[in-house]
Amino acid sequence: MRRAIRLVAAVIALVICVNGIAVNESDAAKNVSINKKKLTLMVGESAQLKLNNVSKKDAKSVKWKSSDKKVASVNKTGLVKGKSKGKAKITARYKKKNYTCKVTVKKDSKPASSYDILFLNSNDDRIRCRFSDDFFTEDSTVYNKELAKCSLATALLSERIIIPSSEGGDKSDLEKLTESFGFMGFSVNDEHKNTPTEDSVGVACAYKKQGKTTIVAVLFRSTEYDSEWVSNMDMGDGSAILNHEGFELSRRKVSEFILNYLDQHNIDGKIKFWVTGQSRGAAIANLTSAWLVGDEAAGNGIKASKKTVYAYCFATPLAAFAGIGTDRNDLVTGYENIHNMIFDRDLVSRIPPKEFGFGIYGVTERGKYGTDENEVKNVLKQIDETAYNAFTDAEGKDYGGMSRSDWVDSYAKQLAELVGDRKTYTEEWQDTFTYGVLLLFTKTTPTVKPDQKKLVQLMNMLASGGATLFVDHYPQTEYAYIATGVS
């Protein structure tokens, strides 16, 4: 759970979409390489290695070997698993040539099972989430607190890298949770099986039968994004008539994964979708939910409507084009099934600035949801003591006579004034923000060159806000709000 807290320090992030370049067979044969030359894993964590430019048929002849199986093991398909702290070399032998990856395994400080701690061993009924098939017989446009809790639980238990048990990985907390809800066919996209990059998005799917209807869960990676955060930075070419570029590019990848998932599992007929994510995951879940009920999805054979898509998005960044100086009611009308839980002291749901012309699809469920602040803290302490300590620290700060909500509003406005309009941001500020986010909040070495003067301004701005800006963005805090609320 502590690693989940580190994700929310970043306000913004960027996806650089890299189009694959087709090569002919002779070129491919000359350019065989291993997809990762260096890899860092936590004990118990897995990652998929493969040889680039090797066909699926030829990949079966690749021989994988570990120099120290006690540190890192590898199976016949190249799936590497961290066994104990240390270093090992994974070798793939193909056509009398060796391709190697240096693996470093670190000891993980994460509790043995967040799933057990949160949902199995809790004596507090407010914490335990109760899933019911009845959720999906009710009106999708009516906010359901218990479905909200189950939805946010998937975000709490999402992880940086997930290898489904059907592919040789250990059962992740997320897979165990979906199974406890009665879902099967747990699967993740390829980018969820590897360390996040600047052009990746992680999503999982699972399904269950409800009479003649199939319920398909679409669950987004909502923690430990690492350099995926940079995607939040990409606003495209500055045009004020387009959705947020970084989120939209990820949405397209997810849409393709959903279509492939339905095809692979022979899912057709009556389908209902449960879509959920938090933070960056919420932005893409928001766009994906709107896509599911639109003409493009219908053109691909998905017969969905707001009655059949149940969407719960937490701390949703602004991702959809909303227009400047206008009230785009069409972002709500027809999308009342998309519930956005926006917490009144969270900065991320105010980013990118609405002054840039961004909004969100669906309805906004505002407020803290907590009936009593002390009750919220009591539940939060049970869920995660580090988040609890950050919450109590924020309570004791001086906000110049303003409420924390007003103080965060003021900060968001100052940030918008700092960078100007959307076009100015993309032309003059985007590289600087990308550099700052990569430097401060990820393990990726920045390659973009920032404007030094602007970088100093940005760092000063971030320092003035401090960690207080993100306390209410922790998924643990949000879960405590919802668990103790009457909504």
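**Entry 1: a strand pair**

I started with β6 and its pairing to strand β7, residues 79-82. The two run antiparallel and share 3 bridges. The model is a predicted one. Which residue of β7 stands opposite V74? I found V80 there.

**Entry 2: the sheet around the pair**

Next I traced the sheet. It is open and has 3 strands, in the order β3-β7-β6. The pairing is antiparallel. Which strands stand at the edges? I noted β3 (46-48) and β6 (72-74). Each has a single partner strand, so one side of each lacks a neighbour in the sheet. From one strand to the next, I read an average twist of 20 degrees. As a reminder to myself, strands of a sheet pair through backbone hydrogen bonds, either parallel or antiparallel.

**Entry 3: S158**

I then turned to S158. It lies in the loop between α5 (145-156) and α6 (173-180). Is S158 buried or exposed? Its relative accessible area is 4%. The cut-off for buried is under 20%, so S158 counts as buried.

What does the S158 side chain reach? I looked up two polar contacts, both to backbone atoms. One goes to the backbone oxygen of A155, at 3.0 Å. Another goes to the backbone nitrogen of S222, also at 3.0 Å.

Which residues does S158 touch, leaving out those up to four places away in sequence? I listed F220, R221, S222, T223 and E224. S222 therefore appears twice in my notes on S158: as a residue it touches, and through its backbone nitrogen, which the S158 side chain reaches.

Conventions:
Residues are numbered from 1 along each chain as its sequence is written. This is a predicted model: local features need pLDDT of at least 70, side-chain atom pairs count only at pLDDT 80 or more; totals for chains, interfaces and linings use all residues. Side-chain values use heavy atoms; hydrogens and water are left out. Two strands pair if DSSP finds at least two bridges between them. Helices (H or I, at least four residues) and strands (E, at least two) are DSSP runs, numbered from the N terminus. Axes are lines fitted to C-alpha atoms, for helices over the stretch in contact, and angles run from 0 to 180 degrees between N-to-C directions. Buried means under 20% relative accessible area, exposed over 50%, partly exposed in between (1.4 Å probe, protein chains only). A polar contact is a pair of N or O atoms within 3.5 Å; within protein, one must be able to donate a hydrogen and the other to accept it, and residues adjacent in sequence count only if both atoms are side-chain atoms. Contact means heavy atoms within 4.5 Å.
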